[in-house]
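Here is a short colleague's note for someone meeting this model for the first time. Please keep the 3D view open and follow the numbered points at your own pace.

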Amino acid sequence: MTQQTQATPQAAAARTPGSGLAQGWCALSALHGRIESHIERALQAGHDLSVREFSVINVLSEQHSGPGGHLRMNQVADTVVLSQSATTRLVTRLEERGLLERYLCPDDRRGIYTNVTPDGLALLDEARPTHDSALREALRDAAKRPELAPLVTAVETLAPSA
């Protein structure tokens, strides 16, 4: 038993750096999950939108007609952290709902652009306060948990000052 007692503190000390990193990752993952779930429920209840749908419409609404102003599907996918195929399926569903429209790129007939329709912009404007309120609520709730509070502080310091 003496060997086990001596080995345990050494093994624990050897695991400390890795476990600290893993604990940090778990806390970050928990914060993300809590926030996303809270926003998802609010958007679904109030606007029949998922978090991913809101994100895609939001990203596409920021396009412009100037150079580099339109995003290709792989850029949208990277921005909303989905695979390209999942993004294409999501865009198709939003297009079927009349919230997005696709058209051929006038300069490159192989390229397809996606724009937000007036109905999509109206829904985005309607859903944005719900999204922002749910985000603030989720952060406020998470800040009450000691393991998440430092991450909430970090997120809040990333926000541009008004």
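1. Let's begin with Leu43, which has a relative accessibility of 0% and so counts as buried. You will find Leu43 in helix H1. Please bear in mind throughout that this is a predicted model.

2. What does Leu43 touch, once residues up to four places away in sequence are not counted? Its contacts are Asp48, Leu49, Ser50, Val51, Phe54, Ala127, Thr130 and His131. Try also placing Leu43 against Arg128: the two are 85 residues apart along the chain, yet 9.1 Å separates their C-alpha atoms.

3. Next to Leu43 in the numbering is Ala42, also found in helix H1. Is Ala42 buried or partly exposed? At 23% relative accessibility, Ala42 counts as partly exposed, because the buried class stops at under 20%. Leaving out residues up to four places away in sequence, Ala42 touches Thr130 and Ala134. Its C-alpha atom is separated by 9.0 Å from that of Ser133, a residue 91 places away along the chain. Thr130 is thus a name to remember, as it appears among the contacts of Ala42 and among those of Leu43.

4. Now please turn to the charged side chains. Side chains of opposite charge can pair when their charged atoms come close. How many salt bridges does the model have? The count comes to 4 salt bridges, and three of the pairs are worth a visit here: Arg97 with Glu53, Arg102 with Glu95, and Arg145 with Glu147.

5. In the pair of Arg97 and Glu53, the closest N and O atoms are 3.6 Å apart. Arg97 sits in the loop between helix H4 (84–96) and strand E1 (100–104), while Glu53 belongs to helix H2 (residues 51–61), so this salt bridge ties together parts that are 44 residues apart in sequence. The two partners fall into separate accessibility classes: Arg97 is partly exposed at 36% relative accessibility, and Glu53 is buried at 9%.

6. It is worth staying with Glu53 a little longer. Which residues is Glu53 in contact with, leaving aside its neighbours within four places in sequence? They are Asp48, Leu90, Arg93, Leu94 and Arg97. Asp48 is also one of the residues that Leu43 touches, which gives you a handy link back to the opening point.

7. For Arg102 and Glu95, the closest N and O atoms of the salt bridge are 3.1 Å apart. Arg102 is partly exposed, with a relative accessible area of 28%, and Glu95 is partly exposed too, at 29%. The side chains of Arg145 and Glu147 meet with an N to O distance of 3.0 Å. Here as well, Arg145 counts as partly exposed at 35% relative accessibility, and Glu147 is partly exposed at 41%.

8. The aromatic side chains are quickly covered, as the count comes to 1 aromatic pair. The ring centres of Tyr103 and Tyr113 lie 5.8 Å apart with their planes at 80°, so the pair is edge-to-face. Tyr103 is in strand E1 and Tyr113 in strand E2 (residues 112–116), so the pair ties together parts that are 10 residues apart in sequence. Tyr103 is partly exposed at 30% relative accessibility, whereas Tyr113 is buried, with a relative accessible area of 16%.

9. Finally, please look for empty space. How much space lies in the largest pocket? It holds about 780 Å³. The lining has 24 residues, and those closest to the pocket's centre are Ile35, Ile39, His131, Leu135 and Val155. His131 may already be familiar, since it is among the contacts of Leu43.

10. Which helices supply at least two residues each to the lining of the largest pocket? They are H1 (2–47), H2, H3 (73–80), H5 (118–143) and H6 (149–158). The largest share comes from H1, with 6 residues. By residue type, the lining divides into 13 nonpolar, 5 polar and 6 charged residues.

Terms used:
Residues are numbered from 1 along each chain as its sequence is written. This is a predicted model: local features need pLDDT of at least 70, side-chain atom pairs count only at pLDDT 80 or more; totals for chains, interfaces and linings use all residues. Side-chain values use heavy atoms; hydrogens and water are left out. Helices (H or I, at least four residues) and strands (E, at least two) are DSSP runs, numbered from the N terminus. Buried means under 20% relative accessible area, exposed over 50%, partly exposed in between (1.4 Å probe, protein chains only). Rings of Phe, Tyr and Trp (its six-membered ring) pair if their centres lie within 6.5 Å; planes under 30 degrees apart count as stacked, over 60 as edge-to-face and the rest as tilted. On a 1 Å grid over the protein atoms alone, a cavity is a set of points where a 1.4 Å probe fits but cannot get out, and a pocket is an open set with protein on both sides within 12 Å along at least five of seven lines; lining residues have an atom within 4 Å of a point. Grid points are joined across faces, edges and corners, and a volume is the space filled by probe spheres set on the points. Ala, Val, Leu, Ile, Met, Phe, Trp, Tyr, Cys and Pro count as nonpolar, Asp, Glu, Lys and Arg as charged, and the others, Gly among them, as polar. Contact means heavy atoms within 4.5 Å.
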